[in-house]
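The following account leads the reader through one protein structure, beginning with its covalent cross-link and proceeding to its core, its charged contacts and its rings. Please keep the sequence and the model in view while reading.

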Amino acid sequence: MKRIGLLLAALAAAKIGTVEYLQRSATRDALVTAYGNEAVAACQKATRADALKPGPVWGASNAVRIEVGNRQAAVSLWQVDHQDWQARFRRTYIVLDATTARCRFDVANGAAVVVEM
């Protein structure tokens, strides 16, 4: 009886993990499909505006990931009235990684920030 309970618990955990993975990967794919070209264009524009030297080439070959919240914003969780609270904890960002730089595209504002690595 104990084995059956453990087996059912393992199956339930596997099901929850699989559903969570599928939901996150589908959300990532939908965001990248919807905003990917806009993110690449904004990153190229931000690269040209920031530096005189040739910057990284942004495109489909870059590593793309989705982040929620900007960890660089100096806001604590309990400071809900702070002007940067939404950016720190709620906004969605598309992050493009190149070999020499990283570009963070804010989906809500349509703005990109390039950081040299």
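A disulfide is a covalent bond between the sulfur atoms of two cysteines. For the purpose of this account, a pair of cysteine sulfur atoms counts as a disulfide if they lie within 2.5 Å. The model discussed here is a predicted one, and it holds one disulfide. The two partners are C43 and C103, whose sulfur atoms are 1.9 Å apart. The angle about the S-S bond is -90 degrees, and the link of C43 and C103 is left-handed. C43 belongs to helix α1, which covers residues 2–50, while C103 belongs to strand β3, so the disulfide ties together parts that are 60 residues apart in sequence. Both cysteines are buried: this holds for C43 and for C103.

The elements joined by this link belong to a chain of 117 residues, 28% of which count as buried. The protein has two helices and four strands. Read from the N terminus on, these elements follow the order α-β-α-β-β-β.

The buried part of the protein may be considered next. Which residues have the most contacts inside the largest nonpolar core? That core has 15 residues, and those with the most contacts inside it are W58, L96, C103, F105 and A112. Two or more residues of the core come from each of the elements α1, β2, β3 and β4, the last of these spanning residues 111–116. Helix α1 gives the most to the core, with five residues. C103 thus appears twice in this account, as a partner of C43 in the disulfide and as one of the core residues with the most contacts.

The charged side chains form a further set of links. The structure holds seven salt bridges. One of them joins R65 and D97, with the closest N and O atoms 2.5 Å apart. R65 lies in strand β1 (residues 63–68) and D97 in strand β2, so this salt bridge ties together parts that are 32 residues apart in sequence. Strand β2 itself comprises residues 92–97. The side chains of D97 and R65 also make a polar contact, at 2.5 Å. Are these two residues buried or partly exposed? The cut-off needed here is that a residue counts as buried under 20% relative accessible area. D97 has a relative accessibility of 17% and therefore counts as buried, whereas R65, at 29%, is partly exposed.

R65 has another acidic partner, E67, and the closest N and O atoms of that salt bridge are 3.0 Å apart. E67 counts as buried because its relative accessibility is 16%.

A separate example is the salt bridge between the side chains of D106 and R91, at 3.4 Å from N to O. D106 lies in strand β3 (residues 101–106) and R91 in the loop between α2 and β2, so the pair ties together parts that are 15 residues apart in sequence. The two partners again fall into separate classes of accessibility: D106 counts as buried at 6%, and R91 counts as partly exposed at 26%. Elsewhere, salt bridges that share partners join R65, E67, D97, R102 and R104 into one network.

R104, a member of that network, leads on to the aromatic side chains. Its charged end sits over the ring of Y93, 5.4 Å from the centre of that ring.

As for contacts between two rings, a search of the whole structure finds one aromatic pair. W85 and F89 form this pair, with 5.3 Å from centre to centre and 40 degrees between the planes, an arrangement classed as tilted. Why are W85 and F89 separated by about one helical turn? The reason is that the two residues are four residues apart in helix α2, which runs over residues 85–89. With a relative accessibility of 14%, W85 counts as buried, while F89, with a relative accessible area of 25%, is partly exposed.

Terms used. Residues are numbered from 1 along each chain as its sequence is written. This is a predicted model: local features need pLDDT of at least 70, side-chain atom pairs count only at pLDDT 80 or more; totals for chains, interfaces and linings use all residues. Side-chain values use heavy atoms; hydrogens and water are left out. A polar contact is a pair of N or O atoms within 3.5 Å; within protein, one must be able to donate a hydrogen and the other to accept it, and residues adjacent in sequence count only if both atoms are side-chain atoms. Rings of Phe, Tyr and Trp (its six-membered ring) pair if their centres lie within 6.5 Å; planes under 30 degrees apart count as stacked, over 60 as edge-to-face and the rest as tilted. Buried means under 20% relative accessible area, exposed over 50%, partly exposed in between (1.4 Å probe, protein chains only). A charge sits over a ring if NZ of Lys or CZ of Arg is within 6 Å of the ring centre and within 35 degrees of the ring normal. A salt bridge is a side-chain nitrogen of Lys or Arg within 4 Å of a carboxyl oxygen of Asp or Glu. A nonpolar core is a set of buried Ala, Val, Leu, Ile, Met, Phe, Trp, Tyr and Cys residues joined through side-chain atoms within 4.5 Å.
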